[in-house]
Amino acid sequence: MSENVDVVIAGGGVIGSAIAYFLTATPGFDGSVLVVERDPAYGQGSTARSLGSIRQQFSEPTNIYMSQFAIEFIARLHEYLSIDGRTPDVGFHERGYLFLASLEGRDALRGNHAVQTACGADVVFLEPDALAQRFPWLDTAGLGGGCLGTSGEGGLDAYALLQAFRRKAEHLGARFIDDKVVGCTCRGGRVVAVHLRDGGQVACGSLVNAAGARAAEVAAFAGVQIPVRPRKRFVFVFDCRAPMIEHCPLTIDPSGTYFRPEGAYYVCGVSPPPAEDHDCLDFDVDYRYFDERIWPVLAGRVPAFEAIKLFNAWAGHYAYNTLDQNAIIGTHPAVANLYFANGFSGHGLQQSPAVGRAIAELIVYGEYRTLDVSALSVQRIVDGRPLREHNVL
Ligand SMILES: Cc1cc2nc3c(=O)[nH]c(=O)nc-3n(C[C@H](O)[C@H](O)[C@H](O)COP(=O)(O)OP(=O)(O)OC[C@H]3O[C@@H](n4cnc5c(N)ncnc54)[C@H](O)[C@@H]3O)c2cc1C
């Protein structure tokens, strides 16, 4: 293949597909869009292995506003992603998050709560006695309080959202191909061509890096380094002998261990401590992790979880930003037409509508026109200035 394309997107997961959609849907954009995806069945990318949850409970306003746009986007999905009058079903259901704090963590949780409410998030702070009253299944020993999202949080089918973005983008003229970006040619501080695994070359006006956990590889083709590494995360599915807990939010223990109902079961997980969090691209599940790390915490926090049985498990990869676990969005000062949409760590699914819109605005207008996401700029990475987000999972 040898052709000319206005925008090439490396990676067609939920982020690449959202960008393709917003670009082709932007009034005044009449360029060509080519999405190159190395794994068109999406068996290995982060999106299909995600939990698909959306929350407003971040500590950084930009992250809160991005998730708020996700909720608005889903509420108006028919306006954005319907084709010939048919709206895709992405299975969204509203369910709050419940962030629990230890006695020592109480002030930090209150601080986050103040930021969230100032940003318009519908989140309440609950004292330990209010927690006990509202969630009688919870052991509140050692807790200093909790924050509960009372609307605007929940979960969806991540794979369905990816496909909905992709189908609408294709409907509007974007082209998706089964290939791999294996290099690029740069001249004068710009990417001028992208090299494909099949031997073809595509001359391009811009290149978007949406390569998920492999984003650093694609950045390196243009001579740029980004601190994004593949880091494995396990999700465990368990069955509980006691009747299902009623009104169970996605609950995060102060240890970082989380759980939530999933159909007739529960899903749970926890990120490893930094010293054990190594770069890795395999999908092996370490079942001891559940027995040794997760179950003791679950049983301590919810007495009904004393008697549970592991039912299933899977592994996926965060595109982990080692600087600050936040997204990296925008252009690089050294390569003007290379756009980054990377490093989402554990919260990229919910940011996909806002990122798709933001990158499309940057490409078409050269500036953010709706939500300014410049707090997540590439420049902060170049400067080594972390943007601290306290609520990472
Ligand atoms: C276990 C787990 C749970 C999660 N839970 C949540 C959650 O509840 N909420 C949330 O918001 N986020 C969650 N996330 C994070 C979320 O899944 C990711 O941030 C999001 O899916 C990132 O989308 P992406 O398109 O960047 O990455 P991906 O889905 O990985 O897509 C990147 C694509 O790029 C392709 N690619 C890579 N290199 C090349 C190349 N050289 N050429 C062509 N194609 C290439 C890959 O094949 C891949 O399909 C979770 C992640 C995991 C692993």
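## Terms and model

Two strands pair if DSSP finds at least two bridges between them. Helices (H or I, at least four residues) and strands (E, at least two) are DSSP runs, numbered from the N terminus.

The model is predicted: local features need pLDDT of at least 70, side-chain atom pairs count only at pLDDT 80 or more, and totals for chains, interfaces and linings use all residues. Residue numbers start from 1 along each chain as its sequence is written.

## Eight-stranded sheet

One open sheet has eight strands with mixed pairing. Their order is β6-β7-β5-β14-β15-β16-β13-β17. The edge strands, β6 (123-126) and β17, each pair on one side only. From one strand to the next, the twist averages 20 degrees (angles run from 0 to 180 degrees between N-to-C directions; axes are lines fitted to C-alpha atoms, for helices over the stretch in contact).

Within this order, β15 (residues 258-262) and β16 (residues 265-269) run antiparallel. Five bridges join them. Phe 259 in this pairing stands opposite Cys 268 of β16.

## Helices on the sheet

Helix α8 (residues 288-301) packs on the sheet and touches β13, β15, β16 and β17. Contact requires C-beta atoms, placed from the backbone, within 7 Å. The direction of α8 makes about 60 degrees with that of β13.

Helix α4 (residues 106-118) lies across β5 (97-102), β6 and β7 (143-149). Relative to β7, α4 runs at about 20 degrees.

## Three-stranded sheet

A second open sheet has three strands in the order β3-β8-β4, paired antiparallel. Its edge strands are β3 (53-54) and β4 (93-94), each pairing on one side only. Two bridges join β3 to β8 (residues 154-155). Ile 54 has Gly 154 in β8 as its bridge partner.

## Ligand shell

The ligand is surrounded by 39 residues (C-beta atom, placed from the backbone, within 6 Å of it). The closest are Gly 11, Gly 13, Gly 212, Gly 316 and Gly 348. By class, the shell has 16 nonpolar, 16 polar and seven charged residues. Here Ala, Val, Leu, Ile, Met, Phe, Trp, Tyr, Cys and Pro count as nonpolar, Asp, Glu, Lys and Arg as charged, and the others, Gly among them, as polar.

At least two shell residues come from each of α1 (14-25), β2 (33-37), β13 (228-240) and β17 (308-321). The largest share, four residues, comes from β17. Domain 1 (2-80 + 157-227 + 323-383) and domain 2 (93-152 + 230-317) each give at least three residues to the shell. The domain bounds come from an automatic or database domain assignment.

Notes. Two residues are in contact if their C-beta atoms, placed from the backbone, lie within 7 Å.
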